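Here is a short report for a reader new to this structure. Please look at the sequence and the model first.

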Amino acid sequence: ARQKLRQERKAVESAIQAGKPAAEVQQIAKNEGPVLANIAGMRAAAFAKFYAVLTPAQQQKLASLHQEWRQRHAAPQRG
């Protein structure tokens, strides 16, 4: 799937460099959608298998780490 995604992205890059119209570039870029969905599905399935073997304490720790990561990487608040 990653190889297919690289090919799709290269096609988009080539179309841009060739000066193709925006509508054509967008149409080519749409081909990435199914590939990205496939990768996301594989990633989710792998994580589900990993999560299933964790103890409840490990699952809680992982949730805590995810929350900390989200807070550190959240967009800065504008005020």
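## An aromatic residue to begin with

This is a predicted model. Start at Phe50, which has a relative accessible area of 41%. Buried would need under 20% and exposed over 50%, so Phe50 counts as partly exposed. Phe47 has 36% relative accessibility and is partly exposed as well.

How many aromatic pairs does a search of the whole structure find? The search finds two. In the pair of Phe47 and Phe50, the ring centres are 6.0 Å apart and the planes stand at 50°, so this pair is tilted. Both Phe47 and Phe50 belong to helix 3. Three residues separate them, about one turn of the helix. Tyr51 joins Phe47 and Phe50 in one aromatic cluster.

## Where helix 3 meets helix 4

The aromatic cluster of Phe47, Phe50 and Tyr51 also takes part in a helix contact. On the helix 3 side, Phe47, Phe50 and Tyr51 meet Gln59, Leu62 and His66 of helix 4. Sorted by class, this contact has four nonpolar residues, two polar ones and no charged ones.

Helix 4 covers residues 56-73. How do helix 3 and helix 4 pack? Their axes are 10 Å apart, and the angle is about 135°. An angle over 145 degrees would count as roughly antiparallel. Helix 3 is therefore oblique to helix 4.

## Along helix 3

Helix 3 covers residues 32-52, and Glu32 lies in it. Pro34 is another residue of helix 3. Is Pro34 buried or exposed? Its relative accessibility is 57%, so Pro34 counts as exposed.

Pro34 also gives a sense of distance. Between Pro34 and Val53 there are 29 Å in space, C-alpha to C-alpha. In sequence, Pro34 and Val53 are 19 residues apart.

## Glu32 and its partners

Glu32 has a relative accessible area of 13%, so Glu32 counts as buried. Which residues does Glu32 contact, leaving aside neighbours within four places in sequence? They are Leu5, Glu8, Arg9 and Val12.

Arg9 is also a salt-bridge partner. The side chains of Glu32 and Arg9 meet in a salt bridge, at 3.6 Å from N to O. Glu32 lies in helix 3 and Arg9 in helix 1, so the pair ties together parts that are 23 residues apart in sequence. Arg9 has a relative accessible area of 43% and is partly exposed, whereas Glu32 is buried.

## Salt bridges within helix 1

Side chains of opposite charge can pair when their charged atoms come close. How many salt bridges does a search of the whole structure find? It finds three. The bridge of Glu32 with Arg9 has been described above.

Glu8 pairs with Lys4, with the closest N and O atoms 2.9 Å apart. Both residues lie in helix 1, four residues apart, about one turn of the helix. Glu8 is buried, at 9% relative accessibility. Lys4 is partly exposed, at 41%.

Glu13 pairs with Lys10, and here the closest N and O atoms are 3.8 Å apart. Glu13 and Lys10 both lie in helix 1, three residues apart, again about one turn of the helix. Glu13 has 39% relative accessibility and is partly exposed. Lys10 has 46% and is partly exposed too.

## Helix 1 against helix 2

Helix 1 covers residues 2-17, and helix 2 covers residues 22-29. Their axes are 9 Å apart, and the packing angle is about 175°. Helix 1 and helix 2 are therefore roughly antiparallel to each other.

Which residues meet at this contact? Helix 1 brings Glu8, Ala11, Val12, Ala15 and Ile16. Helix 2 brings Val25, Ile28 and Ala29. By class, the contact has seven nonpolar residues, no polar ones and one charged one.

Two of the helix 1 residues named here, Glu8 and Val12, are also contacts of Glu32. Glu8 is also the salt-bridge partner of Lys4.

Terms used
Residues are numbered from 1 along each chain as its sequence is written. This is a predicted model: local features need pLDDT of at least 70, side-chain atom pairs count only at pLDDT 80 or more; totals for chains, interfaces and linings use all residues. Side-chain values use heavy atoms; hydrogens and water are left out. Contact means heavy atoms within 4.5 Å. Axes are lines fitted to C-alpha atoms, for helices over the stretch in contact, and angles run from 0 to 180 degrees between N-to-C directions. Angles under 35 degrees count as roughly parallel, over 145 as roughly antiparallel, 65 to 115 as roughly perpendicular and the rest as oblique. Ala, Val, Leu, Ile, Met, Phe, Trp, Tyr, Cys and Pro count as nonpolar, Asp, Glu, Lys and Arg as charged, and the others, Gly among them, as polar. A salt bridge is a side-chain nitrogen of Lys or Arg within 4 Å of a carboxyl oxygen of Asp or Glu. Buried means under 20% relative accessible area, exposed over 50%, partly exposed in between (1.4 Å probe, protein chains only). Rings of Phe, Tyr and Trp (its six-membered ring) pair if their centres lie within 6.5 Å; planes under 30 degrees apart count as stacked, over 60 as edge-to-face and the rest as tilted.
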